[in-house]
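Colleague: Please choose a single site in this model and take me through it closely, and then place it against the rest of the chain. I would like the reasoning spelled out where a residue is assigned to one class or another.

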Amino acid sequence: MQGALDDVTVLDLGQVIGMPFCTMLLADMGARVIKVESRERGAERMSLGIKRTRNGKSERVHAAQYRDRNKLGITLDLKQPAAVALFKELVKKADVVAENFSVGAMERLGLGYGDVKRVNPRIVYASITAFGQEGPYAKQRGYDMLAQAISGYMSINGFPDGPPTRSGQSISDYYAGMLCAFSIVSALRYRDRTGKGQHIDIALLDSMIVALDNLGERYTVGGELLTRAGNVSFGGSSSGVYLTTDGHVAIAAGTSDQVWRRFCKVIGRPELTSDPEFATVPARRDRRDRVAAIIHGWTGARSKSDVVKALAEAGVPAAPVNNVAEMVADPQVHAREMFVEYDDPTYGPLKVTGTPLKLSETPGRVERLAPLPGEHNEEIFVGLLGHSKDELARWHNEGVI
């Protein structure tokens, strides 16, 4: 089966999360993604493999690092001129250079956009940084937590009587990675029409701001400054997370008056649909605590499965609040093939995250797990660039690769 991006070659200098996730999406769609890392960086990546015990022995499973799946792995120490020269040879064969170093780092290596563009004017050069290439914060080092803080995202997460709260995972890296992948494909489409490459500048901070829904406009247009509301939706008081006898459920009981009527019928409270204090969305929004108490009063005496079954059958949006183990076992997750089995020659059978990219003709695929550092040096430097195995051995001995 052909991949949508089979004809695209990406040089991936990504590290940590944002850019590796971006290039993983491209690799899932068939792009030849060449992961470029130094021996030192590769050893660090290996040390961060997922720890487990198998047959009584402790091991770290690097192959399960899903953000590097489907990629080819080579080593290059770009602090050495010979390695920079090799990288530029690769640029001539590539469509995309992808990096997420601090602003100015690639220029200091002689591999900034201007340098690379001179080698291949058609190159699409993608950068992800914390704050972007311009502005007063541009040259500051930054990570997801700082983007969450500056963007206002933390201010709307958590409970009213608690502190600002960060997302449980590095959410800005994933938003930025998706925006970057979309931008790369868009830039390739433009290049195919015009022959012109370009520089893509994606910021973690920007990605969080566009993820705030309309809270920015609710302030800039309406003067409304929203803050933490816990598990209650900003859009109304009848959507939230509610306690059951064995955990919690997420329910959107009143996203519309029609849904509210369905909910009231299920819980045996039809009078609430004609009571002016609860009959409309604005009325329920003004009585947030009372509505929450009504919903809790019904869910609190029932199990998660009973609540979800009753509401879902009545057309009221509801779902169990799963932990990770429950999520992996969820039948919908299974149906979507969001975890797939892979038999690794070193680590044996592994269950790893599947691809979310479901296309009818060119679906995303998991064809190989994360490569070892330098695993594909011969394939790339000898097979793609045409160098000899003797040169390869010499570069390895000299620390170039």
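Modeller: I start from Ser-207, which counts as buried because its relative accessible area of 1% falls under the 20% cut-off; please keep in mind that the whole model is predicted. Ser-207 has its place in helix H8, which runs over residues 204–210. A polar atom of the Ser-207 side chain lies 2.7 Å from the backbone oxygen of Leu-204, and a polar atom of that side chain lies 3.3 Å from the backbone oxygen of Ser-172. When neighbours within four places in sequence are left aside, Ser-207 is in contact with Ser-172, Tyr-175, Ala-176 and Leu-179, so Ser-172 appears among its contacts as well as in the list of its polar partners.

Those contacts lead on to another helix, since H7 covers residues 171–194. Helix H7 is, in turn, among the elements against which the buried residues of helix H1 pack, together with strand E1 (9–12), strand E2 (32–37), strand E6 (96–99) and strand E7 (124–129). Helix H1 itself spans residues 18–28, and because eleven of its eleven residues are buried, the helix is largely enclosed by the rest of the structure. The buried residues of H1 include Gly-18, Pro-20, Phe-21, Cys-22 and Asp-28. Just after this helix, Gly-30 takes a positive phi of about 105°.

Asp-28 deserves a separate word, as a charged residue placed in helix H1. At 1% relative accessibility, Asp-28 counts as buried. Not counting residues up to four places away in sequence, Asp-28 touches Arg-69, Asn-70, Thr-355, Leu-357, Pro-363, Gly-364 and Arg-365.

A further buried residue can be set beside these. Val-91 lies in helix H3, residues 81–93, and is buried with a relative accessible area of 1%. Apart from neighbours within four places in sequence, Val-91 is in contact with Leu-11, Val-97, Val-116, Val-119, Asn-120 and Ile-123. The C-alpha atom of Val-91 is separated by 25 Å from that of Leu-369, a residue 278 positions away along the chain.

Helix H1 also bears on the open space in the model. The largest pocket holds about 1400 Å³ of space, and of the 50 residues that line it, the closest to its centre are Gly-14, Gln-15, Val-16, Arg-41 and Phe-101. The elements that give two or more residues to this lining are H1, E2, helix H2 (39–47) and E7, with H2 giving the most, at five residues. By character, the lining of the largest pocket divides into 23 nonpolar, 13 polar and 14 charged residues.

As for aromatic side chains, the count comes to six pairs. In one of these, the rings of Phe-131 and Tyr-137 have their centres 5.7 Å apart and their planes at 70°, so the pair is edge-to-face. Phe-131 is buried, with a relative accessible area of 8%, whereas Tyr-137 counts as partly exposed at 38% relative accessibility. Trp-260, Phe-263 and Trp-298 form one aromatic cluster.

Two loop residues make a contrast with the buried sites. Asn-55, in the loop between strand E3 (50–54) and strand E4 (57–61), has a positive phi of about 55° although it is not a glycine, and its relative accessibility of 74% makes it exposed. Glu-337, found in the loop between helix H15 (331–335) and strand E12 (339–344), likewise has a positive phi of about 55° without being a glycine, and is exposed with a relative accessible area of 54%.

Finally, for the chain as a whole, there are 17 helices and 13 strands, and the C-alpha atoms fill a box of roughly 85 × 55 × 40 Å along the principal axes. Ser-207 is thus one buried residue in a chain of 401 residues, of which 45% count as buried. Among contacts with a separation of 6 or more, 67% are accounted for by residues 24 or more positions apart.

Definitions and conventions. Residues are numbered from 1 along each chain as its sequence is written. This is a predicted model: local features need pLDDT of at least 70, side-chain atom pairs count only at pLDDT 80 or more; totals for chains, interfaces and linings use all residues. Side-chain values use heavy atoms; hydrogens and water are left out. Buried means under 20% relative accessible area, exposed over 50%, partly exposed in between (1.4 Å probe, protein chains only). Helices (H or I, at least four residues) and strands (E, at least two) are DSSP runs, numbered from the N terminus. Contact means heavy atoms within 4.5 Å. Rings of Phe, Tyr and Trp (its six-membered ring) pair if their centres lie within 6.5 Å; planes under 30 degrees apart count as stacked, over 60 as edge-to-face and the rest as tilted. On a 1 Å grid over the protein atoms alone, a cavity is a set of points where a 1.4 Å probe fits but cannot get out, and a pocket is an open set with protein on both sides within 12 Å along at least five of seven lines; lining residues have an atom within 4 Å of a point. Grid points are joined across faces, edges and corners, and a volume is the space filled by probe spheres set on the points. A polar contact is a pair of N or O atoms within 3.5 Å; within protein, one must be able to donate a hydrogen and the other to accept it, and residues adjacent in sequence count only if both atoms are side-chain atoms.
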